[in-house]
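This report describes two pockets and one loop residue with its surroundings. The pockets come first, and the loop residue follows.

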Amino acid sequence: DEVSRLAQRHAIDLFSVSTANQDFADVRPFVGRSVVLPFEPGKLFTSPFGRLNQSVRVADLLRLRRVMEALAQQIDRGGYDVALVHPCMITFSPTILRCLQTPSLYFRQDPVRWLQDPPLARPYDRHTPWRSRADRVDPLRRAYFELLLYEDRTSMTAASRVVTNSYFMRETLYRLYGVVPEVCYHAVDAEVFRPLGLPRE
């Protein structure tokens, strides 16, 4: 709805990587052109070699940097007024934010809870205490988490402007990142979502 309304007064192009789900909330009907660069996450190991998956994920983060640099160069050559950036499924704050010369407006919905919040005690941990002990000393896991935090934090703070969906989330992002987002509520098509006078249930 945001893109469809913006498209009434602005020329919009879409830039993304192939991991993005283009069909969900499809904005392609409202854009002039769509540029999709290929990126395929590495194939993960199966049991009993699952702990090696963190090395695959580290490699994915490093490969994705190069793709984002290429995408940023295309955007910068386009002479756009602003790049409206949304989160990445792999790095959360997209690393393109660090590469862009074009001013960027980053819409951040929430923090990375499983990565940034203190770990929760889970009842099943007592049945597999070796797993939590192995997690604490696993160098691949530590390397992946540290690199992921670095990518997310440095990209978030590189945005020209950050917006979020509520004052609660504004305070949360300020506490975690030291940035002060503007609050921008989600757009809603009032012709579709409207009171129907139905009885409440």
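The second largest pocket of this predicted model has a volume of about 800 Å³. Its lining is made up of 21 residues, and those nearest its centre are Trp114, Pro119, Asp135, Arg141 and Phe145. Helix 4 (113–116), helix 5 (129–137) and helix 6 (139–158) are the elements that each give two or more residues to the lining of the second largest pocket, and the one that gives the most is helix 6, with 5 residues. By residue class, the lining of the second largest pocket holds 8 nonpolar, 2 polar and 11 charged residues.

The largest pocket holds about 1800 Å³ of space. Of the 46 residues that line the largest pocket, Val3, Leu14, Leu84, Val85 and His86 lie nearest its centre. Two or more lining residues of the largest pocket come from each of helix 1 (2–6), strand 1, helix 2 (53–77), strand 3 (83–85) and strand 4 (104–107). The lining of the largest pocket divides into 31 nonpolar, 9 polar and 6 charged residues.

The table sets out the values for both pockets.

| Pocket | Volume | Lining | Classes in the lining |
|---|---|---|---|
| Largest pocket | about 1800 Å³ | 46 residues | 31 nonpolar, 9 polar, 6 charged |
| Second largest pocket | about 800 Å³ | 21 residues | 8 nonpolar, 2 polar, 11 charged |

Strand 1 leads from the pockets to the loop residue, since it is named in both settings: strand 1 gives two or more residues to the lining of the largest pocket, and the loop that holds Gln22 lies between strand 1 (14–17) and strand 2 (34–37). Within strand 1, Leu14 and Ser16 point one way while Phe15 and Val17 point the other way, and all of these residues are buried. Strand 1 and strand 2 run parallel and are joined by 4 bridges, with Ser16 standing opposite Val36 of strand 2.

Is Gln22, in the loop between these strands, buried or exposed? Gln22 counts as buried because its relative accessibility is 17%, and buried means under 20%. The side chain of Gln22 makes a polar contact with the side chain of Ser16 at 2.6 Å. When neighbours within four places in sequence are left aside, the residues in contact with Gln22 are Leu14, Ser16, Val17, Arg28 and Val36. Among them, Ser16 and Val36 are the residues that stand opposite each other in strand 1 and strand 2, and Leu14 is also one of the residues nearest the centre of the largest pocket.

Methods: Residues numbered from 1 in each chain as written. Predicted model: local features only at pLDDT ≥ 70, side-chain atom pairs only at ≥ 80, totals over all residues. Heavy atoms only, no water. Buried < 20%, exposed > 50% of the residue type's maximum accessible area, 1.4 Å probe, protein only. Polar contact = N/O pair within 3.5 Å; in protein donor to acceptor, adjacent residues only side chain to side chain. Contact = heavy atoms within 4.5 Å. 1 Å grid on protein atoms, 1.4 Å probe; cavity = no way out; pocket = protein on both sides within 12 Å on 5 of 7 lines; lining within 4 Å. Points joined across faces, edges and corners; volume = space filled by probe spheres on them. Nonpolar A, V, L, I, M, F, W, Y, C, P; charged D, E, K, R; others polar. Pairing = 2+ DSSP bridges.
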